[in-house]
Amino acid sequence: MATSKAGRQKGRRAGSLKAGRPTAVRLSHVDARGRVKMVDVGDKPVTNREAIARGTIAMSREALRLIRRGAVKKGDPLQAARLAGIMAAKQTAALIPLCHPLPLSSIQVELTPMARGYTIEARVRTRAQTGVEMEALTAVAVAALTIYDMVKAVDKAMTIDGICLVRKTGGRSGTYQRK
């Protein structure tokens, strides 16, 4: 079966500009035929790796007041969110199909109050052959969803926003710092 040019472009995305032309960058989770695959990290060196992710949850004054007064009927959403984020980071490989299971050495989830909600930050560490960016991002997302679940009876219009990788260290690509 012949492969069209569009078919050959599967698994590629625009890369950096070189002499004014975009260069193709091969996605590591897609093979030459456009099929998904799990990346083989067997030959990569084991290194210390860390990732920090962040996001926010914004809510109504009423929901915020209940949380800050400790009056949420289901319990303390902040402690539940912290625990849910830790548990989610540990389960990332079960949730995201192409992630490798990793021996996580540290997971920290912090919730910082802001005027209309909370900033959620997760810091995940390992010593492994691949990074922990997905674990940190998953921790933030699940922590935010846990808060939503616990106060949705008061505010269904809460917004979860801005979940992003803030920093990552280790591995072949080195350090990434969000600007």
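Which residue takes a positive phi in the hairpin of β6 and β7? Gly170 does, with a phi near 95 degrees, and this hairpin has 6 residues between its strands. Before we look closer, note that this is a predicted model, in which local features need pLDDT of at least 70, side-chain atom pairs count only at pLDDT 80 or more, and totals for chains, interfaces and linings use all residues. Residues are numbered from 1 along each chain as its sequence is written, and side-chain values use heavy atoms, with hydrogens and water left out.

**View 1. The open sheet and its order of strands.** Welcome to the sheet: 5 strands form it in the order β4-β5-β3-β6-β7, with antiparallel pairing. Helices (H or I, at least four residues) and strands (E, at least two) are DSSP runs, numbered from the N terminus. Two strands pair if DSSP finds at least two bridges between them. At the edges stand β4 and β7, each of which pairs on one side only.

**View 2. Strand β3 and its two partners.** On one side, β3 (residues 47-58) is joined to β5 (residues 117-128) by 12 bridges. Look for Glu50, which stands opposite Arg125 in β5. The antiparallel pairing of β3 with β6 (residues 159-169) has 8 bridges. Here you can find Ile52 opposite Arg167 and Ala53 opposite Leu165.

**View 3. The two edge pairings.** At one edge, 10 bridges connect β4 with β5, and Thr112 faces Thr119 of β5 as its opposite residue. At the other edge, β6 and β7 (residues 176-177) run antiparallel and share 2 bridges. Lys168 stands opposite Tyr176 there.

**View 4. Ala115 in its loop.** Ala115 sits in the loop between β4 and β5. Is this residue buried or exposed? Ala115 is exposed, because its relative accessible area is 68%; the cut-offs are under 20% for buried, over 50% for exposed and partly exposed in between, with a 1.4 Å probe and protein chains only. Its C-alpha atom is separated by 8.7 Å from that of Ala58, although the two residues are 57 residues apart along the chain.

**View 5. The largest nonpolar core.** A nonpolar core is a set of buried Ala, Val, Leu, Ile, Met, Phe, Trp, Tyr and Cys residues joined through side-chain atoms within 4.5 Å. The largest one has 29 residues, and those touching the most other members are Met59, Ile67, Val109, Leu111, Tyr118, Ile120 and Ile147. Two or more residues come from each of β3, α2 (61-69), α3 (77-90), β4 (104-114), β5 and α5 (133-151). Helix α5 gives the most, with 7 residues. Leaving aside neighbours within four places in sequence, the contacts of Ile67 (heavy atoms within 4.5 Å) include Met59, Val72, Pro77, Tyr118 and Ile147.

**View 6. The lining of the largest pocket.** A pocket is an open set of points on a 1 Å grid over the protein atoms alone, where a 1.4 Å probe fits, with protein on both sides within 12 Å along at least five of seven lines; lining residues have an atom within 4 Å of a point. Of the 24 lining residues, His29, Lys44, Thr130, Gly131 and Glu133 lie nearest the centre of the largest pocket. The largest share of the lining, 4 residues, comes from α5.
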